[in-house]
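Student: I've got a model open and want to talk it through with you. Can we start with the ligands and then move on to the fold?

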Amino acid sequence: MMTQLVLIGFMGAGKTTLSQALGAATGLPVYDTDDLVAAAAHQTIAEIFAAEGEAGFRQRETAALAEALRHDPAIIATGGGIVTQAENRARLAALAIPVVQLTVTPAEINRRLAGTTDRPLFQENWPALLAARQPWYATSANHLLDTTGRSVPALVAELQAILNEKAG
Ligand SMILES: Nc1ncnc2c1ncn2[C@@H]1O[C@H](COP(=O)(O)OP(=O)(O)OP(=O)(O)O)[C@@H](O)[C@H]1O
Ligand SMILES: O=C(O)C1=C[C@@H](O)[C@@H](O)[C@H](O)C1
Ligand SMILES: [Mg+2]
């Protein structure tokens, strides 16, 4: 049986946080493409960007998504830029499992990520990135979940309902 769920969305939308909380609530294993990339490279994401540029990181990330999807059951958190690659968008759009786009307002992204330095692209003109990616998240996902002002437990309950919908 397919028990998989993928979380996509912009930096700070809560993909990592909610994947961990959903994994804890369900006992399902969690795979985060950012962690898979860092583990395979034995480097942090910032180090990979510095050494290989964004292009090198994207190649590694595309491989990590394919790897994560080989696991079942699996709760899969992606990096915020997974949809920048046409190959990943096509892969996600073709999945017969829940692909949930997490959204959050720009003001709340700022609040959540203020002071962080571990996301190289958050240090740049991220509102322009968000605008460019918006249509790609939409075409890659089959569920939408707004996280703005909502607690992690409430959001986990929504994700569990999406998983159960699929199972039922
Ligand atoms: N529902 C929420 N309410 C308040 N804060 C949240 C919520 N979800 C996540 N956060 C906080 O926002 C920050 C970013 O969350 P997280 O790392 O899960 O985002 P992400 O979507 O995985 O980002 P990235 O694309 O960079 O991996 C964390 O400090 C986290 O605690
Ligand atoms: O939105 C992005 O492009 C990124 C998001 C993070 O999850 C990391 O994958 C990395 O910092 C790039
Ligand atoms: Mg994350």
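Student: How do the residues of the shell around ligand 2 divide into nonpolar, polar and charged?

Tutor: Keep in mind that this is a predicted model. The residues around ligand 2 are M11, D34, I45, G79, G80, G81, R119, P120 and L121. Glycine goes with the polar class here, and the shell comes out as four nonpolar, three polar and two charged.

Student: And ligand 1: by class, what does the shell around it have?

Tutor: Ligand 1 is surrounded by 18 residues, and the closest are G14, T16, T17, G80 and R112. Sorted by class, that shell has five charged, five nonpolar and eight polar residues.

Student: Which element gives the largest share of the shell around ligand 1?

Tutor: Two helices are worth checking, since α1 (15–26) and α7 (152–167) each supply at least two residues of that shell. The largest share is three residues, and the element behind it is α1.

Student: On to the sheet. Which strands stand at the edges?

Tutor: Start from the order: it's an open sheet of five strands, β2-β3-β1-β4-β5, paired in parallel. An edge strand has a single partner, so one side of it is left without a neighbour in the sheet. Neighbouring strands are turned against each other by 25° on average, ignoring direction. The strands at the edges are β2 (30–32) and β5 (143–146).

Student: What is the bridge partner of Q101 in β5?

Tutor: Look at strand β4 (residues 99–103), which pairs with β5 in the parallel sense over four bridges. Q101 has its bridge partner in β5, and that partner is L144.

Student: Now the helices. At what angle do α2 and α3 pack?

Tutor: Take α2 as residues 33–41 and α3 as residues 45–69; their axes are 8 Å apart. The crossing of α2 past α3 is right-handed. As for the packing angle, it's about 115°.

Student: By class, what residues make up the contact of α2 with α3?

Tutor: On the α2 side you have T33, D34, L36, V37, A38, A40 and A41, and α3 brings I45, I48, F57, R60, E61, A64, L65, E67 and A68. Sort those by class and the contact has one polar, four charged and eleven nonpolar residues.

Student: Is α4 roughly parallel or roughly antiparallel to α6?

Tutor: The axes of α4 (residues 86–93) and α6 (residues 126–140) come within 8 Å and cross at roughly 30°. Angles under 35 degrees count as roughly parallel. That makes the relation of α4 to α6 roughly parallel.

Student: Which residues in α6 do R89, L92 and A93 meet?

Tutor: By class, the contact of α4 with α6 has three nonpolar, two polar and one charged residues. R89, L92 and A93 sit on the α4 side, and in α6 they meet W136, T139 and S140.

Student: Last bit, backbone oddities. Which residues does a cis peptide bond join?

Tutor: Go to the loop between α3 and β3 (74–77), where P73 has its place. Omega is about 5° there, and the cis peptide bond joins D72 and P73.

Student: And what is phi of H42 near?

Tutor: H42 lies in the loop between α2 and α3. Phi is positive in this residue, which is not a glycine, and the value is near 55°.

Technical notes:
Residues are numbered from 1 along each chain as its sequence is written. Chains are lettered from A and ligands numbered from 1 in the order in which they are written. This is a predicted model: local features need pLDDT of at least 70, side-chain atom pairs count only at pLDDT 80 or more; totals for chains, interfaces and linings use all residues. Axes are lines fitted to C-alpha atoms, for helices over the stretch in contact, and angles run from 0 to 180 degrees between N-to-C directions. A crossing is left-handed if the near helix is turned anticlockwise from the far one by less than a right angle, and right-handed if clockwise. Two residues are in contact if their C-beta atoms, placed from the backbone, lie within 7 Å. Angles under 35 degrees count as roughly parallel, over 145 as roughly antiparallel, 65 to 115 as roughly perpendicular and the rest as oblique. Two strands pair if DSSP finds at least two bridges between them. A residue is near a molecule or strand if its C-beta atom, placed from the backbone, lies within 6 Å of it.
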